[in-house]
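Biologist: Before accepting any label placed on a structure, I should like to hear the reasoning behind it. May we go through the labels one at a time?

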Amino acid sequence: MKKILLMAVAMMMAVTMNAQSEKGAMALGGNFNIGLDHGYTNFGIGAKYSYNFIDHLRGEASFDYFFKKDYVSQWDINVNLHYVFDIKEKHGLYPLAGFTYIHQHSSVSYGGYTATANTGHAGFNLGAGYEYRFSDHFKAGVEGKFQWADGGRGVISFGAAYMF
């Protein structure tokens with residue numbers, strides 16, 4: 001557990017890519033996530049990578065793991081497109097749209113017996129984000145998205161990234 005927490009802190013402190021939204025810019029970073037689903041809240045960590053295909057348009061791939069709560073753990077894989085609107089020099093706003101795959105694992109033990117169940121659902125994401133570029137190589141931000149996959153849930157992410 002200590003190793004997982006140390007990895008999470010290291011990912012969250014990772015810095016992001018190029019300060020502008022220029023073609024060819026890349027970033028690698030991490031997130032702290034809050035999953036919200038009809039009164040059920042769970043927390044997670046994640047890693048992400050982005051690449052600017054053209055000025056202002058970037059693709060981002062991410063993996064998130066949500067810690068076990070009420071016998072259920074979850075992970076998801078996301079592939080999203082962002083269109084970054086540069087506001088002043090260091091601020092950026094972006095809408096996002098993309099695809100998600102959500103996997104849930106349930107496990108309950110009672111009287112020496114364990115019952116498990118695994119489910120997976122594909123769906124899509126819609127949301128928006130804000131980022132602040134501290135330097136040419138470090139940015140941090142917040143993002144909110146809704147994931148439609150066998151129902152739906154909201155996810156709020158706080159992250160940082162290294163830009164190169």
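Modeller: The discussion below takes each label in turn and sets it against its cut-off. Please keep in mind that this is a predicted model.

Biologist: What elements does the chain contain, and in what order do they run?

Modeller: The chain holds 1 helix and 9 strands. Read from the N terminus, the order is α-β-β-β-β-β-β-β-β-β. Of its 164 residues, 37% count as buried.

Biologist: Why is Phe-99 called exposed?

Modeller: Phe-99 has a relative accessible area of 61%. The label exposed requires over 50%, so Phe-99, at 61%, is exposed. Phe-99 is located in strand 6, residues 91-110.

Biologist: Which residues make the nonpolar surface patch, and which strands each supply at least two of them?

Modeller: The patch consists of Phe-99, Phe-124, Leu-126, Phe-146 and Trp-148, and its area is about 500 Å². At least two of the patch residues come from strand 7 (113-133), and at least two from strand 8 (138-148). Phe-146, one of the patch residues, stands opposite Gly-154 in strand 9.

Biologist: How do you know that strand 8 and strand 9 pair?

Modeller: Pairing requires at least two bridges between the strands. Strand 8 and strand 9 are joined by 10 bridges, so they are paired, and they run antiparallel. Their hairpin has 4 residues between the strands, and Asp-150 in this hairpin takes a positive phi near 50°.

Biologist: With which strand does strand 1 pair, and which residue is the bridge partner of Gly-30?

Modeller: Strand 1, residues 26-37, pairs with strand 9 in the antiparallel sense over 10 bridges. The bridge partner of Gly-30 is Ala-160 in strand 9.

Biologist: Why is strand 9 described as largely enclosed by the rest of the structure?

Modeller: Strand 9 covers residues 153-163, and 8 of its 11 residues are buried, so the rest of the structure largely encloses it.

Biologist: How many cavities does a search of the whole structure find, and how much space lies in the largest?

Modeller: The search finds 2 cavities of 30 Å³ or more. The largest cavity contains about 210 Å³ of space. Its lining is made by 25 residues, and those nearest its centre are Asn-31, Lys-48, Glu-60, Tyr-94 and Glu-143. Among the elements that give two or more residues to this lining are strand 2 (40-54), strand 3 (57-69) and strand 4 (72-83). Strand 8 gives the most, with 6 residues.

Biologist: What makes Tyr-94 count as buried?

Modeller: The relative accessibility of Tyr-94 is 6%. Buried means under 20%, so Tyr-94, at 6%, counts as buried. Tyr-94 lies in strand 6. The C-alpha atom of Tyr-94 is separated by 8.6 Å from that of Gly-127, although the two are 33 residues apart along the chain.

Biologist: Why is the contact of Arg-133 with Asp-86 called a salt bridge?

Modeller: Side chains of opposite charge can pair when their charged atoms come close. The cut-off from nitrogen to oxygen is 4 Å. The closest N and O atoms of Arg-133 and Asp-86 are 2.9 Å apart, so the pair is a salt bridge. Arg-133 lies in strand 7 and Asp-86 in strand 5 (residues 85-87), so this pair ties together parts that are 47 residues apart in sequence.

Biologist: Is each partner buried, or partly exposed?

Modeller: Arg-133 has a relative accessible area of 2%, which is under 20%, so it is buried. Asp-86 has 32%, a value between 20% and 50%, so it counts as partly exposed.

Biologist: Which residues are linked in a network of salt bridges?

Modeller: The network links Arg-58, Asp-86, Glu-131, Arg-133 and Lys-139. Within it, Arg-133 meets Glu-131 at 3.0 Å, N to O, and Glu-131 meets Lys-139 at 3.4 Å. Both distances are within 4 Å, so both contacts are salt bridges. The structure holds 4 salt bridges.

Biologist: What makes Glu-131 and Lys-139 buried?

Modeller: Glu-131 has a relative accessible area of 5%, and Lys-139 has 10%. Both values are under 20%, so both residues are buried.

Methods. Residues numbered from 1 in each chain as written. Predicted model: local features only at pLDDT ≥ 70, side-chain atom pairs only at ≥ 80, totals over all residues. Heavy atoms only, no water. Patch = residues over 30% accessible without salt bridge, like charges linked within 9 Å, V, L, I, M, F, W, Y side chains within 5 Å. Areas by Shrake-Rupley, 256 points an atom, 1.4 Å probe, with all protein chains shown as cover. Salt bridge = Lys/Arg side-chain N within 4 Å of Asp/Glu carboxyl O. Buried < 20%, exposed > 50% of the residue type's maximum accessible area, 1.4 Å probe, protein only. 1 Å grid on protein atoms, 1.4 Å probe; cavity = no way out; pocket = protein on both sides within 12 Å on 5 of 7 lines; lining within 4 Å. Points joined across faces, edges and corners; volume = space filled by probe spheres on them.
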